[in-house]
Amino acid sequence: MSTDTDSSVRSASSPESSWSARLSSIARHDLPASIVVFLVALPLSLGIAIASDAPVAAGLIAAAVGGIVVGLLGGSPLQVSGPAAGLTVVVAETIDQFGWKVTCFITVAAGILQILFGLSRIARAALAIAPVVVHAMLAGIGVTIALQQVHVLLGGSSHSSAFENIAELPSQLLGLDGNDFLIGVIVIAVIVAWRWAPRRVRLIPGQLVAVLVGTLLAMTLPGDVARIEIEGSLFDAIGLPELPGEDWGAVVLAVLTIALIASVESLLSAVAVDKMHTGKRTNFDRELMAQGAANMTSGALGGLPVTGVIVRSSTNVAVGARSQASAILHGVWILVFSIALVSVVQQIPKSALAGLLIVVGVQLVKLAHIRLARRTGDLAVYLVTIVSVVFLNLLEGVLIGLALAFVLLLWRVVRVSVQAAAVAGTDRWIVSVDGMCTFLALPKLTKELAKVPTGTDVLVELTVDFLDHAAYEAIHDWTRQHESTGGTVEFVEIGTARMEHATEGPPKRGAARGLLDEVLGPWRERSADPVASGVAAYHRSHAHVVRPHLDELRDKQDPHSLFLTCADSRIVPNVITNSGPGDLFTVRNVGNLHPADGSDASGEAALAFAVDNLKVRNVVVCGHSSCGAMKALLSGASAGPGLDDWLAHGRPSLEVFRAGHPVRAAAAAAGYDEAAQLAMVNVAVQLRTLENHAVVRRAVAERGLTVSGLFFDIASATVLEVTTDGFGEITDAPPASPRG
């Protein structure tokens, strides 16, 4: 290799080349995206500061810190952080109770707590909160913001509680300020109508356009309009937090509240952002620690609490950001704007930001969430949570919502269905118990058992996956009492929890997989007599399930298929075809052979009976891997007097196999061994034999009987379709072309 080539390779893989590519990506994607996100974040940060009753500069500080600190340290590549509407109510209450400087201390402490959350690796635990409670919490925040800002829109000021905001609304309407009201309504109209603007125009954020329109309108209207007030520069607003003088219990509660809400909102936002792109996934613990660092910084500088914000983050993804550089740059732009253009901010009317916040608040109440809560039966949780958040406070509202959601979950999980009814036309009764049978079910259980007349024959069907001692004792005592009156009680235990195990130890929920293994698994180590043991288990657990179906078939059978397969014990036709009693007319022999010369009288009789008398719609031949008959044919060695005579019917399959049958070639190309290849070829030969059989040929012509082949690969438990010249996979979709 030449020196020039060596140099070019080193250059392509050098750190300088990597940095060059990264800078190019930032310039092409992240820089333009950061400008758009900045334009969205600016008015929202100002509005959230005003809605929180905090200094206006606090919103700008939080926006800059959230972008830069979380962008540098965070674990979510495209999430953008800053002051969020979700904490507006809590921050306003905290400021009202402790003052602004102490609130900054609480923000710092909440950040420290978030870092501890991240270090303890419990970030994902925050996602265990029921989504309906989170949705309702956000909706409650939205309603609270809207109620507060309506007063500002009308030219007044908001009140400290929802009750006061509602009670004072009529008097505020009577004394509304026309200029403020007009500006606010126009801002709302612009934001709402912006969705119908041309696509290229919509590249400019509608919120920014609305605030600009409101500001220009305020400059042209006669009279005074209430505007944003910023005393000095952004540097003047920076100040150290103060320690609380008393009531440390309330301070700790405020710290915990802000830390939890900020953490949950950030993590939920990160999850939502991950769903919007296909790039790197979020490291939740790292993201939580970054949020904590940002809150420590923001609180120390006199800023609002910081969280991940879905509005900014979704905008960031939509405009093509590729890395954290976009969030960092958006924070830089806010910082530059706040220092150099303070006079511009002071021209913005309060009613314009009030209109913006009303729209933000209303958008937090999503009809899709309400419809989802209604469909899933969680509407009561949603309504109770939103009312509690609005009229109590955020923490109490969320706790009440979580408590109600837990009670509803508990009721759904432990709910049990108990029914006692007489079998029509008989003196027999059936008691059905379905669900989790616990002490909570005793009132319903004893009520239904009391319906059963004394001296009757009763079948108790237990379809339960949890049975505690109280429920067991109630059923056991009733059984003993009923039998003492001359009645009989038979148990059918379909579920995973069994009566016989109820007193052996603490109750456990049975695993459904264990039940499946018991039904499908081989009868190994059940007892000295595995067949008798299996029959007993069938009577105890499954006979009642198939009894109604078999009762309908007592005088006739109507199978849909004749199923010719090998006598191998590893093939269970009803399992691999997912069929039930009466579906398959099964014929089994060594090697799934149907001699072409008609020498197998039993096979001929079965074929004629199934096709002519039972009118089956399908004739199926099923071979399998590791077939002993196919291995014997390949080896050519004697398998014994009786077996050699029978295997002679498989020689036609062996001959075409050695001649290079297309099925052999296809199976070999797919990696199957010679025994499996011959087994597939044998299925293809039997298909050809049956297709040429007079009985089958006549049924095909008269009523469309189909003849098909299957191959069961034991190792993978996979069933393949075999044709006369190839094989293919079987799926729910239309069958693929066979390989061959």
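Let's start in the middle: of the 91 residues in the largest nonpolar core, Ile106 and Leu304 touch the most other members. Such a core is a set of buried Ala, Val, Leu, Ile, Met, Phe, Trp, Tyr and Cys residues joined through side-chain atoms within 4.5 Å, and buried means under 20% relative accessible area with a 1.4 Å probe and protein chains only. This is a predicted model, in which local features need pLDDT of at least 70, side-chain atom pairs count only at pLDDT 80 or more, and totals for chains, interfaces and linings use all residues. Residues are numbered from 1 along each chain as its sequence is written, and side-chain values use heavy atoms, leaving out hydrogens and water.

Beyond its neighbours within four places in sequence, Leu304 is in contact (heavy atoms within 4.5 Å) with residues including Ile48, Ala58, Val91 and Trp100. A second, separate core has 54 residues, among them Leu614, Leu633, Leu705 and Val719.

Gln149 sits in helix H6 (residues 131-153); helices here are DSSP runs of H or I with at least four residues, strands are runs of E with at least two, and both are numbered from the N terminus. Gln149 is buried, at a relative accessible area of 2%. Not counting residues up to four places away in sequence, Gln149 touches Ala51, Ala354, Leu357 and Ile358.

Now to the sheets, where two strands pair if DSSP finds at least two bridges between them. One open sheet has four strands in the order E3-E4-E5-E6, with mixed pairing. Its edge strands are E3 (416-422) and E6 (488-493), each pairing on one side only. The other open sheet described here has six strands, ordered E8-E7-E9-E10-E11-E12, again with mixed pairing. Strands E8 (584-589) and E12 (727-729) each have a single partner strand, so one side of each is left without a neighbour in the sheet.

Two strand pairs can be set side by side:

| Strands | Sense | Bridges |
|---|---|---|
| E3 and E4 (residues 429-437) | antiparallel | seven bridges |
| E9 (residues 618-624) and E10 (residues 706-713) | parallel | seven bridges |

Within these pairs, Ala420 has Val431 of E4 as its bridge partner, while His624 is matched with Phe712 of E10. Helix H27 (residues 601-613) packs on the six-stranded sheet, touching E7 (561-566), E8 and E9. Helix H32 (residues 674-691) also packs on the sheet, touching E9, E10, E11 (718-722) and E12.

Methods
Buried < 20%, exposed > 50% of the residue type's maximum accessible area, 1.4 Å probe, protein only. Axes fitted to C-alpha atoms, helices over the stretch in contact; angles between N-to-C directions.
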